[in-house]
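The report below concerns charged side-chain pairs and helix packing in a single protein chain. It is meant to be read alongside the sequence and the model.

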Amino acid sequence: MTGEPILRVEHLVKEFPVKKGSFGGRSGAVHAVDDVSFDLLRGETLAIVGESGCGKSTLARCVTRLLEPTSGTITFEGRDITALSRREMAPIRRDMMMIFQDPFGSLDPRMHVGAIIAEPLEVHGWGEGKKIRTRVQELLALVGLNPEHYNRYPHEFSGGQRQRIGIARALALGPKLIVCDEPVSALDVSVQAQILNLLADLQDELGLTYVFITHNLDVVQQVATRVMVMYLGQAVEEGTVADLYSRPRHPYTAALLSAVPIPDPDLAAARRPIILEGDVPSPLNPPSGCRFHPRCPRAAAVCATGMPPIAAFEAGHTAACHFPVERWPLADPSDIARVDAAALASSIAALSGGAQLEAPSDPGPTAAPPDPGPTATDA
């Protein structure tokens, strides 16, 4: 996991136009992904987490060019692939594969397993006849299925077995990068563990690099090297699993982690979860400044007017927040609402061209109705 990144995403934007009426012009746009940048080193796993609708899956489809980005740059193995044609992308697609969330919906029910796994081999001219059949049977064995299941259909398999078929299909051409779009969220907990262990074993054996999309924070701890937290189309925090879980800096990340169940009942009873206010705003009309400020217990005036800069903390740990969390775990949820008045005055002065403004008083704890958000038990 050293050297040049296998994947580099810079200032990626994806907007979906909204039209007025059947023949009307554009009346707005859904800001699905907004100015997201990250590097992915060879052999590591980057987990992308956040609530449903935050842009995780859209980002994954832009990275693999299943969706065309509105702007920004995607560089794979040193080559800019952002604007390549379908013909130019064809040889690159051998090295970039995807595992989808629904293990049944992603498989053609009219095709038997052998034909499903063989399809990418045939499309890319890998071989034919006996050579392809032998390769498919090798892939079935690699993912823990019986090679004799070659002629069975998807409905004859369980959910976990279907996902193994999807993994075998993704491995067919020997890819270097695999994007896993919530590959275990539709499976039972016991089956989830088996699939996660399989993905980890395959990564060690084949030297794979993963982008792992999920909203299950317990899964992240098991599979990821680094974590990127998204909120309403933007990346708000990124760091190693150890750093981000032991000392989250963004209030949104802290709120997510405070909702993760703890197996120790005494520790669970002593912990006070952070309850966020309100609902996620619409991506059609995102808030000004920091997009999290309408729900943030640390929000102040500057948060509504100025986009927070991306600040670096521990090595490789960054967060976009005017008032990052300083203590973790929180002894009391009101800790997250204590704003540094001097830092606030300095931030407002910087945005106003250097004028010295009086810092507001500590806003104190904020009461709010519960909002479950993504949790570790959410499957």
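Glutamate 77 counts as partly exposed in this predicted model, with a relative accessibility of 32%, and its partner lysine 176 is likewise partly exposed, at a relative accessible area of 32%. The side chains of lysine 176 and glutamate 77 meet in a salt bridge, with 3.1 Å from N to O. Because lysine 176 lies in the loop between α5 (159–171) and β7 (177–181), and glutamate 77 in the loop between β4 (71–76) and β5 (79–80), this pair ties together parts that are 99 residues apart in sequence. Salt bridges with shared partners also bring in Arg42, so that Arg42, Glu77 and Lys176 form one network.

Two further pairs involve buried residues. Arginine 226, with a relative accessible area of 13%, is buried, and glutamate 44 is buried as well, at 3% relative accessibility. Their side chains form a salt bridge in which N and O are 2.8 Å apart. Arginine 226 belongs to strand β9 (residues 226–231), whereas glutamate 44 sits in the loop between β2 (26–40) and β3 (45–49), so the salt bridge connects parts separated by 182 residues in sequence.

Where does glutamate 51 lie? Glutamate 51 is found in the loop between β3 and α1, and with 9% relative accessibility it counts as buried, since the cut-off for that class is under 20%. Arginine 295, at 2% relative accessibility, is also buried. The closest N and O atoms of the salt bridge between arginine 295 and glutamate 51 are 3.3 Å apart. This pair links distant parts of the chain, with arginine 295 in the loop between α10 (265–270) and α11 (301–305), glutamate 51 in the loop that leads from β3 to α1 (56–63), and the two positions 244 residues apart. The side chains of glutamate 51 and arginine 295 are also listed as making a polar contact, at 3.3 Å.

The three pairs are set side by side here.

| Salt bridge | N to O distance | Separation in sequence |
|---|---|---|
| Arginine 226 – glutamate 44 | 2.8 Å | 182 residues |
| Arginine 295 – glutamate 51 | 3.3 Å | 244 residues |
| Lysine 176 – glutamate 77 | 3.1 Å | 99 residues |

In total, the count comes to eleven salt bridges, among them the pairs of arginine 226 with glutamate 44, arginine 295 with glutamate 51 and lysine 176 with glutamate 77.

The helix α5, which precedes the loop holding lysine 176, also takes part in a helix pair. The axes of α5 and helix α6 (residues 189–206) come within 10 Å of each other and cross at roughly 20°. Angles under 35 degrees count as roughly parallel, and α5 and α6 are therefore described in that way. Their crossing is right-handed. On the α5 side the contact is made by Gly160, Gln163, Arg164, Ile167 and Leu171, while α6 contributes Val191, Gln194, Ile195, Leu198, Leu199, Leu202 and Leu206.

For the chain as a whole, the model contains twelve helices and twelve strands. Of its 379 residues, 48% are buried. Among contacts with a separation of 6 or more, 66% are between residues 24 or more positions apart.

Note on methods:
Residues numbered from 1 in each chain as written. Predicted model: local features only at pLDDT ≥ 70, side-chain atom pairs only at ≥ 80, totals over all residues. Heavy atoms only, no water. Salt bridge = Lys/Arg side-chain N within 4 Å of Asp/Glu carboxyl O. Helix = DSSP H or I, 4+ residues; strand = E, 2+ residues; numbered from the N terminus. Buried < 20%, exposed > 50% of the residue type's maximum accessible area, 1.4 Å probe, protein only. Polar contact = N/O pair within 3.5 Å; in protein donor to acceptor, adjacent residues only side chain to side chain. Axes fitted to C-alpha atoms, helices over the stretch in contact; angles between N-to-C directions. Parallel < 35°, antiparallel > 145°, perpendicular 65-115°, else oblique. Left-handed = near helix turned anticlockwise from the far one by under 90°. Contact = heavy atoms within 4.5 Å.
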